[in-house]
Structure formats: structure tokens, C-alpha cells
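Visitor: I am new to this structure and would be grateful for a close look at one part of it. Please begin with a single pairing and then describe what surrounds it.

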Amino acid sequence: MAVGQQKWRLFSLIFVLSLVGFPCMAEAETVRASFMNFTYERPMAADPVTAVGALIYRVLPQHLHQFQLELIDPVGESDVMQLASNSSFIVLRGSSAVALASAFNWYLNEYCHVTYDWNNYDLSAIKSPLQLPPAAGTPLRRRFVKWSYYMNVCTMGYSLAFSSWDYWTKHIDWMAMNGINMPLAFVGQEAILVRVFTEDFGLTFEELQQFISGPAFLPWFRMGNIQG
């Protein structure tokens, strides 16, 4: 599958680790088991059409049957997307999973006049089961840059430290729909620290709990800005 979708899967996997956090001592055994028994196998890459079909189902489930997704070739090293319609479907074309998701967002903006906004992730303005408007055939739209980076080191502490997985599912979909193919995804790296310092240096999990900060302060811990 495309590199972009592979990154979404990897991001999803490592974020699950971060949800464990570093809780009180009463919960230490459960957390310890989660860290110590963790093994990583690179996930199989999903087909971009299947992946974006699942995204559309999450975002606009009543209208999934009205879309046809087509994977097309990139132009050189650039992702491209295109909109069209036929007698049965609104046709979304893209050269990767992110390009297809971006084509879906392009269609929502231009033809349904709605925005999948990160404040509420709500498309209730599109009434079901109305037929969606057809998309006029468009020229290929080409990415200007290969990578679109998103977030900074502190985001995970300021606004996302305690977000639920339900929220993250919506937000990852939003990223793909807005063409983001390089989100900052270093959450979960504390699992590696725990394994290295317990297995190779003989520290205990309880000792590491006194060293590794709580979730809201992990950005500053990672940058080495905490003293105490």
C-alpha cells in the first residue's frame, strides 16, 4: 500500500501505547505488563481504496454507496487527485490513500459546501438519504510539496495528552482529508525507554516511574527540559 496509509497505521499503533500513561503505583502491574509484553510487527499495508472507503463510512456513512474510488498513477513523484461523476457515482480519484481522502474533502467543500471541522467533526448539515450533487469533471490537481508536516513537540502535552481513541480516530481522518502525510508520531517512545533501562541497565519499573513524567509533561521530558 501507499506510504501515507502505512504511516497512519503505524501512528495508530504507537499511540495506543501512549494511552497507557504512567499512573499511580496501584496500577503499576497492569502498566508494567503492557510495556514488558509489547512486541511490534509491522502491519500489512491496506489497499488505499479500502482504507478511504472505511474513512468515508466513518465520516459520512449514509452516503458511502454514492462514491466510487479509483486509484490513479502519480505525476512524477507528486500525488494527484481528481473529481468526476458518472451516471451512478461521484468519482474520487487519487494516487494514494491521502490523495483519495483529500479528493473526498475537496468534493465536500466544493459541491456540498460543508467542512469536516476539527471542532466537532460534524457533517449533519448533509441530510440523509438525499442524493449528493454530482461533481463536474476537473483537471488533475497536483500536490505542490511531497510532504505535509503537522503538529509540534508540545501539541501532545497542551491539547492531546488525554484525548480518547474515539477522538484520535476522527482526527486522523481529518489529517488525511486535509492532505497531511507526515504527522508527528513519536508518542509511545517511553515504552522503548522502559524496556532498555529495565532489561539492559537493571532499573525497576517503579524507579522509572519516578523519572518519566506524566502524559501532560511528556513533551518537556522528551526535550530534556525537566529538572527536579
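Visitor: Which residue in strand 3 is the bridge partner of glutamate 70?

Guide: The bridge partner of glutamate 70 in strand 3 is arginine 93. Residues are numbered from 1 along each chain as its sequence is written, and the model is a predicted one, in which local features need pLDDT of at least 70 and side-chain atom pairs count only at pLDDT 80 or more, while totals for chains, interfaces and linings use all residues. Side-chain values rest on heavy atoms, with hydrogens and water left out.

Some terms should be settled before the sheet is described. Helices (H or I, at least four residues) and strands (E, at least two) are DSSP runs, numbered from the N terminus. Two strands are taken to pair if DSSP finds at least two bridges between them. In general, strands of a sheet pair through backbone hydrogen bonds, either parallel or antiparallel.

The bridge between glutamate 70 and arginine 93 belongs to the pairing of strand 1 with strand 3, two strands that run parallel and are joined by five bridges. Strand 3 (residues 90–94) also pairs with strand 2 (residues 80–85), here in the antiparallel sense and again over five bridges. Within that second pairing, alanine 84 has valine 91 of strand 3 as its bridge partner. A hairpin of four residues leads from strand 2 to strand 3.

These pairings are part of an open sheet of four strands, set in the order 1-3-2-4 with mixed pairing. Its edges are strand 1 (67–71) and strand 4 (141–142), each of which pairs on one side only. Helix 3 (residues 48–59) packs on this sheet and touches strand 1 and strand 3, and its direction makes about 150 degrees with that of strand 1. Such touching is judged by contact, meaning heavy atoms within 4.5 Å. The angles, which run from 0 to 180 degrees, are taken between N-to-C directions of lines fitted to C-alpha atoms, for helices over the stretch in contact. Helix 4 (residues 97–112) lies across strand 1, strand 2, strand 3 and strand 4, at about 50 degrees to strand 2.

How enclosed is strand 3 in this setting? Four of its five residues are buried, so strand 3 is largely enclosed by the rest of the structure. Buried stands for under 20% relative accessible area, exposed for over 50%, and partly exposed for values in between, with a 1.4 Å probe and protein chains only. In the protein of 228 residues, 44% are buried.

Leucine 92 shows the surroundings of strand 3 in detail. Leaving aside residues up to four places away in sequence, leucine 92 touches eleven-odd neighbours that need not all be listed here; among them are Ile56, Phe67, Leu69, Leu83, Leu100, Phe104 and Tyr107. Leu92 is also one of the residues that touch the most other members of the largest nonpolar core, which has 40 residues; the others so placed are Phe67, Phe104, Tyr107 and Leu108. A nonpolar core is a set of buried Ala, Val, Leu, Ile, Met, Phe, Trp, Tyr and Cys residues joined through side-chain atoms within 4.5 Å. Two or more residues of this core come from each of helix 3, strand 1, strand 2, strand 3, helix 4 and helix 6 (165–177). Helix 4 makes the greatest contribution, with nine residues. A second core, separate from this one, has six residues, including Val194, Phe205, Leu208 and Leu218.

Beyond helix 4, the chain continues into a loop that reaches strand 4, and tyrosine 121 is found there. Tyrosine 121 has a phi near 50 degrees, a positive value in a residue other than glycine. With 10% relative accessibility, tyrosine 121 counts as buried. Methionine 151, in the loop between strand 5 (149–150) and helix 5 (155–158), likewise has a positive phi, of about 80 degrees, although it is not a glycine. Methionine 151 is buried, at 11% relative accessibility.

As for the protein around this part, its secondary structure comes to nine helices and six strands. Of the contacts with a separation of 6 or more, 68% are between residues 24 or more positions apart.
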